[in-house]
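Please look over the sequence and the model below before reading on. The paragraphs that follow go through the fold step by step.

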Amino acid sequence: MAVIEATTENFDELIRTAEYAVVDFYGDHCGACEATAPHYREVSDDMAFIRFIKVNTSVERKLAKRFHIFGIPAFRYFYKGELMHESVGGMDTRMLHEQIAKMLYPGMDEMIEK
């Protein structure tokens, strides 16, 4: 599935109309963002039941402020429009899968620790 570029105008609709959504907040001159992008695209192809969205924080400053984005890349994970999980930093495919699992299976970390 293709990664969708969100703007201030379409962001809420994209999140509200998806059962699951992952948002990658990235910047134009961010090396970690560039390194993460191909992995993000690969995971979006693997998990078509999730809507994958990206937001350019260099352009969409209001969205970055709204979600308190202070470091990039930053990821927000939504279920039925509700923020479920957050993570920050460059990631490879395995790391993205691990973070998405936290959205799909909330509370799993606590169960594993017990």
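How many residues lie between β4 and β5 in their hairpin, and which residue in the turn has a positive phi? In this predicted model, 2 residues separate the two strands of the hairpin, and Lys 80 in the turn is the residue with a positive phi, of about 50°. Strand β4, which spans residues 74–79, runs antiparallel to β5 and is joined to β5 by 6 bridges, and within this pairing Tyr 79 stands opposite Glu 82.

From this hairpin one can move to the sheet as a whole, which is open and consists of 5 strands in the order β1-β3-β2-β4-β5, with mixed pairing. The edges are formed by β1 (4–5) and β5 (82–88), each of which pairs on one side only. As general background, the strands of a sheet pair through backbone hydrogen bonds, in either a parallel or an antiparallel sense.

Continuing across the sheet from β4, the next partner is β2, and these two strands run antiparallel with 6 bridges between them; Val 23 of this pairing stands opposite Arg 76 in β4. Strand β4 is also mostly covered, since 5 of its 6 residues are buried, that is, under 20% relative accessible area.

On the other side of β2 the sense of pairing is parallel: 6 bridges join β2 (residues 20–26) to β3, and Ala 21 stands opposite Arg 51 in β3. The chain makes the connection between these strands by crossing from β2 through helix α2 (residues 31–46) to β3, and this β-α-β crossover is right-handed.

Strand β3, comprising residues 51–56, is likewise mostly covered, with 5 of its 6 residues buried. The pairing of β3 with the edge strand β1 is parallel and extends over 2 bridges, and here Glu 5 is found opposite Lys 54 in β3.

A last site to examine lies in the loop between β3 and α3 (61–66), where Glu 60 is located. Is the side chain of this residue paired with an opposite charge or left without a salt bridge? Glu 60 is buried yet has no salt bridge, and the nearest side chain of opposite charge, that of Lys 62, is 8.3 Å away, whereas the cut-off for a salt bridge is 4 Å. Leaving aside residues up to four places away in sequence, Glu 60 touches Ala 6, Thr 7, Thr 8 and Val 55.

Key:
Residues are numbered from 1 along each chain as its sequence is written. This is a predicted model: local features need pLDDT of at least 70, side-chain atom pairs count only at pLDDT 80 or more; totals for chains, interfaces and linings use all residues. Side-chain values use heavy atoms; hydrogens and water are left out. Two strands pair if DSSP finds at least two bridges between them. Helices (H or I, at least four residues) and strands (E, at least two) are DSSP runs, numbered from the N terminus. Buried means under 20% relative accessible area, exposed over 50%, partly exposed in between (1.4 Å probe, protein chains only). A crossover is right-handed if, with the strands pointing away from the viewer, the path from the first strand over the helix to the second runs clockwise. Lys and Arg count as positive and Asp and Glu as negative; His and the chain ends are not counted. Contact means heavy atoms within 4.5 Å.
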